[in-house]
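Here are some notes for reading this model. Please keep the structure open and go through the points in order.

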Amino acid sequence: MEFYGHVIDGHEVPSLDGATMDDVDPFTREPWARIALGGKADADRAVAAARAAFDEGPWPRMGFEDRHRILHRLADLIDAHADELAMADTRDMGKPIGQARHDAARAAWNVRFFADHARMSTADAYPMDSGHHAFATYEPAGVVVAISPWNFPLMQSTWKTAPALAWGNTVVLKPAEDTPVSSTMLARLALAAGMPPGVLNVVHGYGPESVGAALTANPSVDRITFTGESGTGRAISEAAARNLVPVSLELGGKGPNLVFDDADLDNAVAWSVEAIFRNAGQICLSGSRLYAQAGIYDEFLERFQRAAEAMVAGDPKDPQTQFPLALASEEHFRKVAAYLDTVEQDGGRILTGGMGPGWSVLPTIIVDAPPAARVCREEIFGPVCVVHRFQDEDEAVAAANDTRYGLNAMVFTENLSRAHRVSARLRAGTVWVNCFFIRDLRAPFGGVGDSGVGREGGTFSREFFTEPKAVIMQVDR
Ligand code: NAD
């Protein structure tokens, strides 16, 4: 089994105490790699390397042009190694290889986009009447800790690190313990691209009382960007508050998907299947609460069920597989499976799906569940969709907003006025109309309520990863 270490100060290293962990492929349920298992000492060593690289190294002092060149080289290397990177994510979490390849292309795009964005950004000037002149500069914030989840390992790691790096920060990345490999591979590629030692460090291990907690408590850190569960976001916020460190939190979701009588049903069915069954529903943005209007409810539900049952389910490594017969880990499988046991107790009915082989749950559709049912309220993070019927727009909007989450929503309608009206009334960071999952990296991304704090993307990432400075000069004496 290949060994994947931490990457600290330009070297791939084992943990200081030599500890390792098995990396389990959830489809075969066998270990396929060995990973350095870090502790507080490893986390502190990684932060010290990033601190020194920021305080004394060339990266923050380089021009945008030079950083841009290195980041573009990294993006090219990600493309050149896309197959290995994609296979690492597939083996780590059971993501279908076709989707993992899509993620690898998106990872390269994250790096290119933020390199270009930083280089092309303008700064503000404020002409003053009083014989003075004011302008703003955007200076790198310092050492960034990026903590990422397991559902889009490589894509999320680059979404968090690329803007931080492009704006001249140094980074310590901690990937999720279930999906470590592609982050070590990313750091190896960054060194090969010419990124100076200590600029992108990777440290592996668990969150609570381990590497994650040590990183968030370290007083040498200037920014923490986190994606994961809302409860973890609270713990990280508390740790960051002690050092007055700004945090960006991208958290959980329970996305409503509204299908109106006037929707194009072919389009609505195709996107609704994608919205809840892509990546086996392990997407913060998934459309896990589906509301169909009374006039099309029966036809929609029948077509949605047929499309779910027609998905090609199988080995995640098989390019034909659309739906993986494995959730990300045994622990996660047990969590999702436990929700299925609550359906009947809470008054719902499983129309199709349920338990699959190994650590898998099949594409599952639930009907008749009252709004208070656990499957309607809690983030399951699996291939489980609860379908409801609604009569009119007011009822649909009220049901969609009846959640503590607010990451995203989908609306399917051919009526332009309704599309605007409903989008405006939904409490969500992103609303997709007649589509799902399409992103423009300039647009704000984040959630309201329990779905997050802050926004990233384009200039929103610049605001977070820099210290804007106002310079005011007397020009008329
Ligand atoms: P998680 O919160 O369990 O773990 C995420 C990361 O945090 C891991 O690297 C973990 O080791 C680390 N961690 C855990 N406890 C920590 C602590 N006390 N201190 C520091 N680090 C800690 O989440 P997960 O199970 O890996 O991912 C699934 C969750 O992520 C879902 O809730 C999903 O909705 C959310 N998610 C959100 C977005 C978004 O953009 N909003 C995107 C993807 C996933």
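1. In this predicted model, strands β4 (residues 20–25) and β5 (residues 30–36) run antiparallel and are joined by six bridges. One pairing to look for is Asp22, whose bridge partner in β5 is Arg34. The two strands form a hairpin with four residues between them.

2. Which side chains of β4 are buried? Those of Met21, Asp23 and Asp25, which point to one face of the strand. Thr20, Asp22 and Val24 point to the other face and are not buried. The side chains therefore alternate along the strand, and Asp22, the partner of Arg34, belongs to the face that is not buried.

3. The turn of this hairpin deserves a look at Arg29, which sits in the loop between β4 and β5. Its phi is positive, near 60°, and the residue is not a glycine. Most residues other than glycine have a negative phi. Arg29 counts as partly exposed because its relative accessibility is 44%, a value between the 20% and 50% cut-offs.

4. A second residue to check on this ground is Asp368, in the loop between β18 (361–367) and α12 (374–377). Asp368 is not a glycine, yet its phi is positive, about 65°. With a relative accessible area of 49%, Asp368 is partly exposed; the cut-off for exposed is over 50%.

5. Helix α3 (residues 82–93) has twelve residues and reaches 17 Å from its first C-alpha to its last, close to the expected 16 Å. Its buried residues are Ala82, Leu85, Ala86, Ala88, Asp89, Thr90, Asp92 and Met93. What do these buried residues pack against? Both strands of the hairpin, β4 and β5, and the helices α2 (64–80), α4 (97–120), α5 (153–166) and α6 (181–192). After the helix comes Gly94, with a positive phi near 80°.

6. One of the helices just named, α4, contains Arg112. Is Arg112 buried or exposed? Arg112 counts as buried, because its relative accessibility is 18% and the cut-off is under 20%. Its side chain makes a polar contact of 2.8 Å with the side chain of Asp79. Leaving out residues up to four places away in sequence, Arg112 touches His72, Ala75, Asp76 and Asp79.

7. His132 lies in strand β7 (residues 132–140). Which residue 341 places away along the chain has its C-alpha 5.4 Å from that of His132? That residue is Met473. Beyond its neighbours within four places in sequence, His132 is in contact with Ile472, Met473, Gln474 and Val475. The side chain of His132 also reaches the backbone oxygen of Ser130, at 3.1 Å. His132 is partly exposed, since its relative accessible area is 27%.

8. The protein is divided into domain 1 (2–251 + 447–473) and domain 2 (256–433). Note that domain 1 is given as two stretches of the chain. The centres of the two domains, taken over C-alpha atoms, are 31 Å apart. The contact between them takes 29 residues from domain 1 and 31 residues from domain 2.

9. Helix α9 (residues 265–277) has 13 residues, and its span of 18 Å is close to the 18 Å expected. Its buried residues are Leu265, Ala268, Val269, Ser272, Val273, Ala275, Ile276 and Phe277. Why do they line one face of the helix? Seen down the axis of α9, the buried residues fall within an arc of 165°, so they line one face. As a general rule, an α-helix has 3.6 residues a turn, so residues three or four places apart point the same way.

10. The two ends of α9 can be checked in turn. Asp264 caps the N-terminal end, where a side-chain oxygen lies 3.1 Å from the backbone nitrogen of Asp266. Following the helix is Asn279, whose phi is positive, near 55°.

11. Finally, look at Cys385 in strand β19 (residues 384–390). Its relative accessibility is 0%, so Cys385 counts as buried. Ile276, one of the buried residues of α9, is among the residues that Cys385 touches. Others include Gly287, Ser288, Leu290, Phe304, Thr364, Ile365 and Ile366, not counting residues up to four places away in sequence. Cys385 and Gly281 are 104 residues apart in sequence, with 8.8 Å between their C-alpha atoms.

Methods
Residues are numbered from 1 along each chain as its sequence is written. This is a predicted model: local features need pLDDT of at least 70, side-chain atom pairs count only at pLDDT 80 or more; totals for chains, interfaces and linings use all residues. Side-chain values use heavy atoms; hydrogens and water are left out. Buried means under 20% relative accessible area, exposed over 50%, partly exposed in between (1.4 Å probe, protein chains only). Two strands pair if DSSP finds at least two bridges between them. The expected span of a helix is 1.5 Å times one less than its number of residues. The arc is that of the directions from the helix axis to the C-beta atoms. A polar contact is a pair of N or O atoms within 3.5 Å; within protein, one must be able to donate a hydrogen and the other to accept it, and residues adjacent in sequence count only if both atoms are side-chain atoms. Domain bounds come from an automatic or database domain assignment. Contact means heavy atoms within 4.5 Å.
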